[in-house]
Amino acid sequence: MADSDGRQVDSINHSTGNICRLKLFKRKELTREEKQRLRKEKKQHKKNKKDDRGPPEKEKEKEKASVPAPSKPATQSPAHKAAPVPVNASASESPVAAEKPAKSKAEQRAERRARQDTERASKQGKKEGGQLSASSKPKATPNELQPVVKRLPEHIQVDDPAALKKLAKKLERQQVRQINIVPLRSDYGYKVSLFSHLHQYSRKNPPTQQISIPATVIHPSIVRLGLQYSQGIIAGSNARSVALLHAFKQVIRDYSTPPNEELSRDLVNKLSPYISFLSQCRPLSASMGNAIKYIKKEISNIPSQCKEEEAKRRLQECIDSYINEKIILASEAISKYAIEKISDGDVILVYGCSSLVNHILCEAFEKQRKFRVIVVDSRPRLEGKEALRRLVKKGIRCTYVLISALSYILPEVSKVFLGAHALLANGYVMSRVGTSQIALVAKAFNVPVLVCCETYKFCERVQTDSFVSNELDDPDDLIVTRNGKTHLENWQTVKSLGLLNLVYDVTPPDFVDLVITDLGMIPCTSVPVVLRVKNVDQ
Amino acid sequence: MPGADKETDLSERIESFLSELKRCGSGAGSLRGSAETARETTALLRRTTAQARWGNAGELMEIIRKEGRRMTAAQPSETTVGNMVRRVLKIIREEYARSRGSSEETDQQESLHKLLTSGGSSEDNFRQHFAHLKANVIEAINELLTELEGTTDNISMQALEHIHSNEVIMTIGRSRTVEAFLKDAARKRKFHVIVAECAPFCQGHEMATSLCKEDIETTVIPDAAIFAVMSRVNKVIIGTQTVLANGGLRAVNGTHTLALAAKHHSTPLIVCAPMFKLSPQFPNEEDTFHKFVSPHEVLPFTEGNVTQQHLTPFSTLKTEIVNKFRKKKLTQK
């Protein structure tokens, strides 16, 4: 093992940047089998280290299931591939050469899920006083049913100190080989108690302040993107996704595979700290989440014999085709369907600035439909002004009101077109705050509500109210100066005053009459069907 | 001549009152509360009764009606003026009837039989001259004024009957009645208040800071978030500008949305309105009661230049007061 130990040491040295020593040793390209063996040994080494540190519960679980399960809460790092379940133990321990990487990855993902399940159960068992027999049982069953155990997204666990500590550790660990760390942003101001489980950041403290220069871990285009997100320069789910994909293209262009790694695995590892950084700047949107999943899948599907240049070109093409298909062509298709719904003499109400809805209206205007538009806007973002500007530039007759005048203006309206941030699996529409209000009042006046949404924004989450998962924007945005008086200027000093600046809200499906997607016009409740069909396709 | 001086003095006061009414509606002057307007109107009417020249009740009523019409014309949206004028006219009729000595009941109720058989108009009845009518009327108006003073307190006294501890209450904009109501309850109970800021004037901010002074947990939310947070609200308590004859309300912008959201979540809606806000007007059409204010608060004229260059018309609307609606539970003094 000395030789492999030596190589192992060298590989670790290599990753800390000691390139000169590396060059002396690693002159020839390792074959694939050697690379895999190296990887396996590295993991074994790391696992042994963790096993030493594991608490005594591990032994109890060993007795129960005769499998060493690391009970230290592990994160999503794909490099850790322990095997708690006896069935899959052999499969992961001996990477068959002919095995496709995707298959073993799926199994390993399943194992990881099962392991996390048991860990969670064991943590609960610890709290209840060590009823580990009950906790280890679920370990067996998840393996039989394909486990769909979801990890709670960390951005809704701000009130749990254990989760925060986990996040801090995860951020640290991602930079364990480098000096700089992805900064952990601190919350700002008094948070309304109903929302203490969410983050609330101030725009005046961007996360990039804490990054030292040069930020060798995080690619500069990602830093720029994060800053643009946190300052609100790039806003709107389509814009954010497209910007993200372009930044990833740049990252891939600048990426070069380290010698004993495979592009398909290493690139994914490289992207993880970037994604953590971006989610610290601003919580990821559903569209961004889906885009990231797609990219990760594409990267891991790159066959190992593919040369680096070829692989990079292929990935760039994938990203381009994703943007083209899911966003640009989808909006064309949606416009085509939506224009059928716009007749001459219509008065259309829109809310805020949705790129898709603006596109539809501009297309309809070009097709010589006669209609006029009412733009509803709300404080504090006042995005409607942007929509107003774009529509008026096209030559469409517009009226501009604030959302409080909604019940006055609705009797004139014939249709309401709304954009969406995401469509949830139970048919709820997640969109900018105020959308549900518009849908509610439109329903009361019997005005049809049409939501326009691309299919890449469909997500499997289920949510029934706007509290459980939301985003809190900077509370200082609510402060306004009128007639020289700013009433809320010193709101921080007043003990019992809180400002709430929500970003999203969910609209129940009974307020929405139709959803126009690139697959056609469907009712709100058909979202899970579309998701199922999409998953089968993939 | 003392009489002429009094008259000019009176007309001066009326003129200044009218100009104040005209100004305050546009938002340029100080926004005064309805209670103040009611008090000033009543005081002015009392002065008119004292100083104007009139011989009998009929003439007095004519004078009051004339002044009342002028005042309501100055600011049609301020309905308390009209309400107080009507109250004073009723006082005059009552005092006249009492002076005549006839029992109030038979005279007040204009039974159908009486209407058919009497034939003539009842205005002749007000031509008699009574020496003490003036004093009686002025005394009755004084009573009315003291009644006005105590309205807010009387409403606040009922606060504890409606608010339990640990409640979440939602309100919109700024209403002095609701403020006093909540402050009174806060002395004994602990609860949370969510205030919708009510753009563009953002009077909700003032309300929130004033409530915080009494250590009430307050949260300010933008108007767009009303439906989003409504599911956690236990009660909605609002003030209003006018209560219409069919039970509808004429209230600040956004109240209709608030009411619809409350109805969707089956949250009780309580309106705190003193007596002088009750109006006999009916909302015949939806549009009759709206008041518009200059749109420059919403979209300044400077930004309009962008669109002018492209020669495209766009219209900006901003409604300050919108009337609506039926669903509510009324709490009166």
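# Close-up views of a predicted two-chain model

**View 1. B:S266, a loop residue of chain B.** B:S266 counts as exposed, because its relative accessibility of 65% lies above the cut-off of 50% for that class. The model shown here and in the other views is predicted. B:S266 sits in the loop of chain B that runs between α12 (255-264) and β7 (269-272). Although B:S266 is not a glycine, its phi is positive, at about 55°.

**View 2. B:D215, another loop residue of chain B with a positive phi.** Here the loop lies between α10 (203-212) and β3 (217-221) of chain B, and B:D215 is part of it. The phi of B:D215 is about 65°, and this residue is not a glycine either. How accessible is B:D215? Its relative accessible area is 43%, so B:D215 is classed as partly exposed, the class between the cut-offs of 20% and 50%.

**View 3. The cis peptide bond from A:R379 to A:P380 in chain A.** The omega angle of this bond is near -5°. A:P380 belongs to the loop between β2 (371-377) and α15 (384-394) of chain A.

**View 4. Packing of helices α7 and α9 in chain B.** Helix α7 of chain B covers residues 133-157, and helix α9 of chain B covers residues 176-186. The two helices pack at an angle of about 45°, and their axes are 8 Å apart. This angle makes α7(B) oblique to α9(B), because it falls neither under 35 degrees nor between 65 and 115 degrees. The crossing of α7(B) past α9(B) is right-handed. On the α7(B) side, the contact is made by B:T152, B:I155, B:S156 and B:M157. On the α9(B) side, B:R176, B:T177, B:A180, B:F181 and B:D184 take part. By residue type, the contact of α7(B) with α9(B) consists of 4 nonpolar, 3 polar and 2 charged residues.

**View 5. Strand β1 of chain B and its pairing with β2.** Strand β1 of chain B spans residues 168-172 and is mostly covered, with 5 of its 5 residues buried. In a regular strand, side chains alternate between the two faces of the sheet. On one side of β1(B) are B:V168, B:M170 and B:I172, and on the other are B:I169 and B:T171. Both faces of β1(B) are covered, since the residues on each side are all buried. β1(B) pairs with strand β2 (residues 192-196) of chain B in the parallel sense, over 5 bridges. Within this pairing, B:I172 has B:A196 of β2(B) as its bridge partner.

**View 6. The open sheet β5-β6-β9 of chain A.** This sheet has 3 strands in the order β5-β6-β9, with antiparallel pairing. Its edge strands are β5 (422-423) and β9 (504-507) of chain A, each of which pairs on one side only. Strand β6 of chain A, residues 429-432, is joined to β9(A) by 4 bridges in the antiparallel sense. Which residue of β9(A) is the bridge partner of A:V429? The partner is A:T507. Helix α17 (residues 435-444) of chain A lies across β6 and β9 of chain A, and runs at about 30° to β9(A).

**View 7. A:K312 in helix α13 of chain A.** Helix α13 covers residues 308-341 of chain A and includes A:K312. Is A:K312 buried or exposed? Its relative accessibility is 10%, so A:K312 counts as buried, the cut-off being 20%. When neighbours within four places in sequence are left aside, A:K312 is in contact with A:I252, A:R253, A:Y255 and A:L263.

**View 8. A:I292 in helix α12 of chain A.** Helix α12 of chain A runs over residues 286-300, with A:I292 among them. A:I292 is buried, because its relative accessibility is 8%. Apart from neighbours within four places in sequence, A:I292 has contacts with A:L244, A:F248, A:I275 and A:L284. One of these residues, A:I275, lies 17 residues from A:I292 along the chain, and their C-alpha atoms are separated by 8.6 Å.

**View 9. Chain A as a whole, for orientation.** Chain A contains 18 helices and 11 strands. Of its 538 residues, 53% count as buried. Among the contacts in chain A between residues at least 6 apart in sequence, 76% join residues at least 24 apart.

Terms used
Residues are numbered from 1 along each chain as its sequence is written. Chains are lettered from A and ligands numbered from 1 in the order in which they are written. This is a predicted model: local features need pLDDT of at least 70, side-chain atom pairs count only at pLDDT 80 or more; totals for chains, interfaces and linings use all residues. Side-chain values use heavy atoms; hydrogens and water are left out. Axes are lines fitted to C-alpha atoms, for helices over the stretch in contact, and angles run from 0 to 180 degrees between N-to-C directions. Angles under 35 degrees count as roughly parallel, over 145 as roughly antiparallel, 65 to 115 as roughly perpendicular and the rest as oblique. A crossing is left-handed if the near helix is turned anticlockwise from the far one by less than a right angle, and right-handed if clockwise. Contact means heavy atoms within 4.5 Å. Ala, Val, Leu, Ile, Met, Phe, Trp, Tyr, Cys and Pro count as nonpolar, Asp, Glu, Lys and Arg as charged, and the others, Gly among them, as polar. Two strands pair if DSSP finds at least two bridges between them. Buried means under 20% relative accessible area, exposed over 50%, partly exposed in between (1.4 Å probe, protein chains only).
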